[in-house]
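Work through the strand pairings of the model shown here. Each exercise is followed by a solution in steps.

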Amino acid sequence: MRPLTGKVRVGSLNDIDPQGSRRLNVNGLEIALFRLSDDEILAVENRCPHKGGVLSEGMVCGPVVHCPLHDWRIDLRSGEALAPDKGCIETFETEVAADGTIFLTLDGSAQSSAAGPDSHSA
Ligand code: FES
């Protein structure tokens with residue numbers, strides 16, 4: 001299967017609770033979508049840069065997620081761990097259309113597999 005690239009529809013705002021998250025598997029990479037309290041959607045690689053904690057299971061506080069394993073704080077806009085911790089994960093450009101449809105922009109660098117959504121509320 002060819003990797004998905006460009007602007008890809010990945011769901012609707014109504015699929016994600018406020019301050020909740022949703023997991024996607026796209027091009028062999030697990031991605032977490034987070035809905036902030038102001039309905040902004042941010043997307044990052046769903047893997048903590050420390051020891052691989054599942055960030056979509058963490059608590060969202062503003063534009064930051066707390067990793068459920070050892071409480072590192074990851075900035076969802078930059079993908080950077082907040083000091084004193086150091087590390088970085090991939091971030092993805094998102095867009096929410098007027099009707100609530102969520103789009104993710106992919107560059108196709110990760111290799112392909114099936115895509116499948118899964119939900120989780122933080
Ligand atoms: S794995 Fe995320 S803080 Fe340790």
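The exercises below cover strand pairing, hairpins and burial.

The model is predicted: local features need pLDDT of at least 70, side-chain atom pairs count only at pLDDT 80 or more, and totals for chains, interfaces and linings use all residues. Residues are numbered from 1 along each chain as its sequence is written.

**Exercise 1.** Determine which strands β3 pairs with, and name residues that stand opposite each other.

Solution.
- Step 1. Fix the terms: strands are DSSP runs of E with at least two residues, numbered from the N terminus, and two strands pair if DSSP finds at least two bridges between them.
- Step 2. Take β2 (residues 21-26): six bridges join β2 to β3, and the two run antiparallel. Within this pair, Asn25 is opposite Glu30 of β3.
- Step 3. Take β4 (residues 41-45): β3 and β4 are antiparallel and share five bridges. Leu33 has Ala43 of β4 as its bridge partner, and Ile31 has Glu45 of β4.

**Exercise 2.** Find the residues with positive phi in the hairpins of β2 and β3 and of β3 and β4.

Solution.
- Step 1. Two residues lie between β2 and β3, and in this hairpin Asn27 has a positive phi near 55 degrees.
- Step 2. Five residues lie between β3 and β4, and in this hairpin Asp39 has a positive phi near 75 degrees.

**Exercise 3.** Assess the burial of β3 and β4, then follow β4 to β8.

Solution.
- Step 1. Apply the cut-offs: a residue is buried if 20 or more other C-beta atoms lie within 10 Å of its own, exposed if 12 or fewer, and partly exposed in between, with C-beta atoms placed from the backbone.
- Step 2. In β3 (residues 29-35), five of the seven residues are buried, which leaves the strand mostly covered.
- Step 3. In β4, four of the five residues are buried, so the strand is largely enclosed by the rest of the structure.
- Step 4. β4 is joined to β8 (residues 91-96) by two bridges in an antiparallel arrangement. Here Ala43 stands opposite Phe92 of β8.

**Exercise 4.** Describe the sheet that contains β5, β6 and β7.

Solution.
- Step 1. The three strands form an open sheet in the order β5-β6-β7, with antiparallel pairing.
- Step 2. β5 (59-61) and β7 (73-75) are the edge strands, each pairing on one side only.
- Step 3. Neighbouring strands of this sheet are turned by 30 degrees against each other on average, direction ignored. The axes are lines fitted to C-alpha atoms, and angles run from 0 to 180 degrees between N-to-C directions.
- Step 4. β5 and β6 (residues 64-66) share three bridges, and Met59 is opposite His66 of β6.
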